[in-house]
Amino acid sequence: MPSDLVAYCLELLAPLGAVRARRMFGGHGLYCDDRFFALIAGECLYLKVDAMTQPAFAAAGCAPFVYSAKTGATAMSYWSAPAEAMESPALMQPWARQALAAALRAR
């Protein structure tokens, strides 16, 4: 059963389309139309970024998802969602659409 945060994020992201969560590595991967575009780890929602979208996330005060690997701290191409975007589906949509676009470009 999804955690409260997973259920809330699915609600925030619902306007994108068929969004689903899948358990992975102690967190959840979020998919829209079978495209992995977000993850939930450590009680935080992270959205997919690329060279085109990362500057907007950085300017909004977001931080990259970093995990500990045998070789040291490793950053992934997922950045935290802006705090204000977590308040409503309408505020989340521009950020979620950028994440989905980055996931599409990565394919």
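In this predicted model, R35 touches L30, L100, L104 and R107, with residues up to four places away in sequence left out of the count. R35 itself is found in strand β3. Is R35 buried, exposed or partly exposed? R35 counts as partly exposed, because its relative accessibility is 27%, and the partly exposed class runs between 20% and 50%. Now look for M76. R35 and M76 are 41 residues apart in sequence, and their C-alpha atoms are 16 Å apart in space.

Two of the partners of R35, L100 and L104, lead us on to another element. Helix α3 covers residues 89-106. How far apart are its end C-alpha atoms? They are 25 Å apart. At 1.5 Å a residue, the 18 residues of α3 should span 26 Å, so the two values agree. The helix does bend, by about 30 degrees, and the bend is at W95.

Which residues of α3 are buried? They are M92, Q93, W95, A96, A99, L100, A102 and A103. So W95, the site of the bend, is on the buried list because its relative accessible area is under 20%. Several elements help to cover these buried residues. Among them are two helices, α1 (4-13) and α2 (54-59). The cover also includes the strands β2 (27-32), β3 (35-41) and β4 (44-48). Strand β3 is the home of R35.

Take α1 next. Two packed helices are described by the angle between their axes and the distance between the axes. For α1 and α3, the angle is about 80 degrees and the axes are 8 Å apart. The two helices are therefore roughly perpendicular to each other. Angles from 65 to 115 degrees fall in that class. Which residues meet here? From α1 come E11, L12 and L13. From α3 come P89, M92, Q93 and A96. By class, this contact has 5 nonpolar residues, 1 polar residue and 1 charged residue.

Stay with P89 for a moment. P89 is found in helix α3. P89 is partly exposed, because its relative accessible area is 30%. Leave aside residues up to four places away in sequence, and P89 touches E11, L12 and P15. Two of these, E11 and L12, are also in the α1 contact with α3. Y8 is 81 residues from P89 along the chain, and the C-alpha atoms of the two are separated by 9.9 Å.

Now move to A60. A60 sits in the loop between α2 and β5. At 31% relative accessibility, A60 counts as partly exposed. Which residues does A60 touch, apart from those up to four places away in sequence? They are P82 and W95. W95 is where α3 bends. L104 is 44 residues away from A60 in sequence, and 22 Å away from C-alpha to C-alpha.

After that loop, turn to strand β5, which spans residues 64-69 and holds F65. F65 counts as buried, because its relative accessibility is 15%. Set aside neighbours within four places in sequence, and F65 is in contact with L39, A41, Y46, T74, A75, M76, Y78 and W79. Pick out W79 from that list. F65 and W79 are 14 residues apart in sequence, yet their C-alpha atoms are 5.6 Å apart.

S80 lies in strand β6, residues 72-80. Is S80 buried or exposed? S80 is buried, because its relative accessible area is 12%. Its contacts, beyond neighbours within four places in sequence, are C44, L45, Y46, F57, C62 and A63. Y46 also touches F65.

Two loop residues finish the walk. D33 is in the loop between β2 and β3. D33 is not a glycine, but its phi is positive, at about 50 degrees. Its relative accessibility is 52%, so D33 counts as exposed. E43 is found in the loop between β3 and β4. E43 is not a glycine either, and its phi is positive, at about 60 degrees. With a relative accessible area of 64%, E43 is therefore exposed. Both values are over the 50% mark for exposed residues.

Notes: Residues are numbered from 1 along each chain as its sequence is written. This is a predicted model: local features need pLDDT of at least 70, side-chain atom pairs count only at pLDDT 80 or more; totals for chains, interfaces and linings use all residues. Side-chain values use heavy atoms; hydrogens and water are left out. Helices (H or I, at least four residues) and strands (E, at least two) are DSSP runs, numbered from the N terminus. The expected span of a helix is 1.5 Å times one less than its number of residues. The bend at a residue is the angle between axes fitted to the seven residues ending there and the seven starting there. Buried means under 20% relative accessible area, exposed over 50%, partly exposed in between (1.4 Å probe, protein chains only). Contact means heavy atoms within 4.5 Å. Axes are lines fitted to C-alpha atoms, for helices over the stretch in contact, and angles run from 0 to 180 degrees between N-to-C directions. Angles under 35 degrees count as roughly parallel, over 145 as roughly antiparallel, 65 to 115 as roughly perpendicular and the rest as oblique. Ala, Val, Leu, Ile, Met, Phe, Trp, Tyr, Cys and Pro count as nonpolar, Asp, Glu, Lys and Arg as charged, and the others, Gly among them, as polar.
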